[in-house]
Amino acid sequence: MSDAPPVRARGLVKRYKEVLAVDHIDLNVHAGDVYGFLGPNGAGKTTTLRMALGLIMPTEGKVELFGRDPIREGARALEGVAGFVEAPRFYPYLTARKNLQLLAALDGDGARTRIDEVLETVELAPRAEHRVGGYSHGMRQRLGIAAALLRAPRLLILDEPATGLDPAGMRDMRLLIRRLADSGITVLLSSHQLPEVQELCDRVAIVDTGRVVYEGALADLRRQGGAGYRLRTTDDVNALAVLRAQPGVEQAHAGEHGLSFQAQESDVGPLSIALGAAGVGIFALTPELATLEDLFFRLTEGNGAVAGATAGATTAGNGQLTEAAA
Amino acid sequence: MSTFEASASLGPPAAARVRRPSTLTAYRWELRKLASQKRTYLGLGLAAILPIIFVLAQSLRDHRGQNQGNIFAAHITQSGLATPVLMLLFLSVFMLPLIAALVAGDIVAAEDGNGTLKTILTRSVDRGQVIAAKALTAMTYGALAVFLSAAVATMAGVAAWGFNHVVTFSGTVVSAPEGLLLVVAANAAYLIPLLTVVCIGVLLSTATRNSAASVVGTVGFTILLFIVGQIPGLEGVKPYLLTEQYENWHGLLRTPTDWAPIGHSAWVCALYAVPALLAAYLVFLRRDVAGG
């Protein structure tokens with residue numbers, strides 16, 4: 001069990017009558033990952049997480065947490081796993097402390113002794129004796145994290161944890177997640193807040209209409225997105241002709257703020273020599289890596305290509321984009 | 001809010017086997033949740049207040065020359081112990097099943113609607129433990145309502161008319177302590193059909209995911225059976241109707257004690273309760289929890 005990956009999903013399908021919410025999703029969350037699960041609203045993220053936590057039955061396929069199937073093994077499969085899907089929910093007529101006492105009782109294994117500690121961690125200790133019914137959205141989100149930490153998890157599954165928080169709350173939530181990840185907890189973070197994912201995650205899966213369109217390292221994704229460059233010269237017309245003739249340079253075009261093109265770093269050196277030889281002076285040549293936001297929209301809106309793959313590409317499970325099967 | 005402070009001990013634990021909580025723990029917490037909700041006291045309040053209203057009304061009423069419907073009504077002012085028997089007679093058909101259904105019909109559906117079901121199902125208890133704890137809690141509540149009503153009726157009756165000997169259905173006079181024992185036994189026997197109503201409520205609560213529909217459905221089902229029992233030509237099914245079992249305790253108040261109605265009600269009620277509980281368990285085990 002200890003060698004099994006925190007999350008491994010294979011061919012996960014969820015169908016609600018005519019609606020295919022999740023369409024053969026494969027996921028591979030490795031130990032120590034801060035894994036971003038990205039997708040537009042309705043892409044199937046929450047449904048996938050519900051299946052991972054054993055809350056809903058897959059129509060096909062299976063998901064394992066540390067090698068255990070939550071559908072077949074029930075609560076035993078959730079050992080070392082905590083988190084919440086959608087907004088965390090509590091009993092509004094109980095205080096925060098009573099809610100945590102209840103959940104700790106249902107966790108067993110000494111969770112009760114961690115109540116004060118987790119309340120301190122999320123800074124709810126001063127409000128611990130207040131009923132949750134009077135809590136703000138942000139406080140409930142923090143209490144959700146506290147409830148998850150009660151289980152001293154090795155895998156934390158968080159579904160949109162920063163949704164509805166004010167900017168300070170979002171920043172604090174990111175810091176907390178970062179700190180938890182740094183302490184060795186594997187985090188599976190569902191989000192559509194791209195800056196959050198870009199800041200926190202090292203690996204991502206991007207889902208669109210129930211299918212994974214990319215899974216792998218965030219750095220690989222950005223690399224595959226192509227290294228873009230912006231160029232300002234003494235003679236843009238001549239420079240554009242040089243760019244178009246230069247091997248390894250693609251998508252060269254003139255814009256409002258100069259020229260832009262895509263190329264590998266190794267091709268940029270010869271390009272600068274070629275520009276000099278053509279009598280074109282260089283004011284600025286600056287690299288521009290694709291942002292996660294650019295890549296996300298390219299993958300989920302089908303308005304472009306990533307590393308030559310067409311929109312609707314699917315993952316090979318190793319960070320490579322491949323042609324979609326359908 | 002400043003940045004969250006991380007405690008030193010936060011971090012991943014070793015992959016040691018977790019000691020999981022028992023169903024008893026889940027049951028205890030279900031009771032605590034129940035005790036924390038206002039709705040709980042609405043039903044219990046009804047169960048307690050009706051005997052008091054009854055005793056007050058009877059105390060103010062002139063009983064001379066009245067033709068009473070049954071022997072306990074005829075002896076209402078002679079022993080306070082007649083009061084709990086009459087109250088059981090009056091409340092057993094509609095009020096106590098309604099009070100029991102208020103909680104039984106709500107106990108799963110409310111959590112589903114509020115989204116807290118997903119909260120508890122992502123802890124270390126299995127679904128089977130959760131539904132067992134909920135069913136036990138609803139049964140506890142039903143039993144509490146019955147005995148609360150009986151206790152209040154007894155105290156109010158004794159306060160008004162004394163702790164005296166009482167006459168049973170067969171006209172035998174029994175001492176006050178024996179009469180008190182019979183009151184307890186009668187209420188205990190009534191629990192057989194009442195807990196069956198609870199089982200049906202738990203099933204509807206699990207299957208419909210809607211509190212109001214479950215409560216109304218449970219009460220509606222008992223009313224339907226009651227009406228079926230009144231339809232001429234259906235006399236043959238009458239002994240097997242759940243609502244007919246509400247009077248199973250009458251045999252205890254006869255001399256000699258007639259145990260047959262209790263035995264009959266036990267197996268008839270089992271025919272309703274066991275499939276209902278089993279279905280609730282299976283539905284709960286396999287259902288998608290997507291609420292909240």
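A helix axis here is a line fitted to C-alpha atoms over the stretch in contact, and the angle between two axes runs from 0 to 180 degrees between their N-to-C directions. With that in mind, please remember throughout the tour that this is a predicted model.

**First stop: two helices of chain B.** Select residues 95-104 of chain B, which form helix α5, together with α9 of chain B, and look along the place where they meet: their axes come within 8 Å and cross at roughly 35°. The crossing of α5(B) and α9(B) is right-handed. To see what fills the contact, show the side chains of B:Leu96, B:Pro97, B:Ala100, B:Ala101 and B:Ala104 in α5(B), which meet B:Leu194, B:Val197, B:Val198, B:Gly201, B:Val202 and B:Ser205 in α9(B). Sorted by character, the residues of this contact comprise 9 nonpolar, 2 polar and no charged.

**Second stop: the cores.** Keep B:Ala100 selected and add A:Ala146, A:Val187 and A:Leu189, for these four have the most contacts inside the largest nonpolar core, which has 157 residues. Helix α9 of chain B, residues 176-208, gives this core its largest share, 16 residues. Now centre the view on A:Ala146, which, apart from neighbours within four places in sequence, is in contact with A:Leu100, A:Val118, A:Leu119, A:Thr121, A:Val122 and A:Leu124. A second core, separate from the largest one, has 13 residues, among them A:Leu231, A:Ala239, A:Val242 and A:Val280. In soluble globular proteins, nonpolar side chains tend to be buried together.

**Third stop: chain A as a whole.** Show chain A alone as a cartoon, where 11 helices and 15 strands can be traced, and where the C-alpha trace spans about 75 × 45 × 35 Å along its principal axes. Of the 326 residues in chain A, 48% are buried. Among the contacts in this chain with a separation of 6 or more, 65% join residues 24 or more positions apart.

**Last stop: a sheet in chain A.** Select β1, β2 and β4 of chain A, three strands that form an open antiparallel sheet in the order β2-β1-β4. Its edges are β2 (19-29) and β4 (60-65), each of which pairs on one side only, and the twist from one strand to the next averages 20°. Strand β1, residues 7-16, pairs with β2(A) over 7 bridges in the antiparallel sense, and A:Arg15 can be found opposite A:Leu20 in β2(A). Finally, add helix α1 of chain A, residues 45-52, which packs on the sheet and touches β1, β2 and β4, with its direction at about 115° to that of β1(A).

Note on methods: Residues numbered from 1 in each chain as written. Chains lettered and ligands numbered in written order. Predicted model: local features only at pLDDT ≥ 70, side-chain atom pairs only at ≥ 80, totals over all residues. Helix = DSSP H or I, 4+ residues; strand = E, 2+ residues; numbered from the N terminus. Buried ≥ 20, exposed ≤ 12 C-beta atoms within 10 Å, placed from the backbone. Contact = placed C-beta atoms within 7 Å. Pairing = 2+ DSSP bridges. Core = buried A, V, L, I, M, F, W, Y, C linked by C-beta atoms within 7 Å. Left-handed = near helix turned anticlockwise from the far one by under 90°. Nonpolar A, V, L, I, M, F, W, Y, C, P; charged D, E, K, R; others polar.
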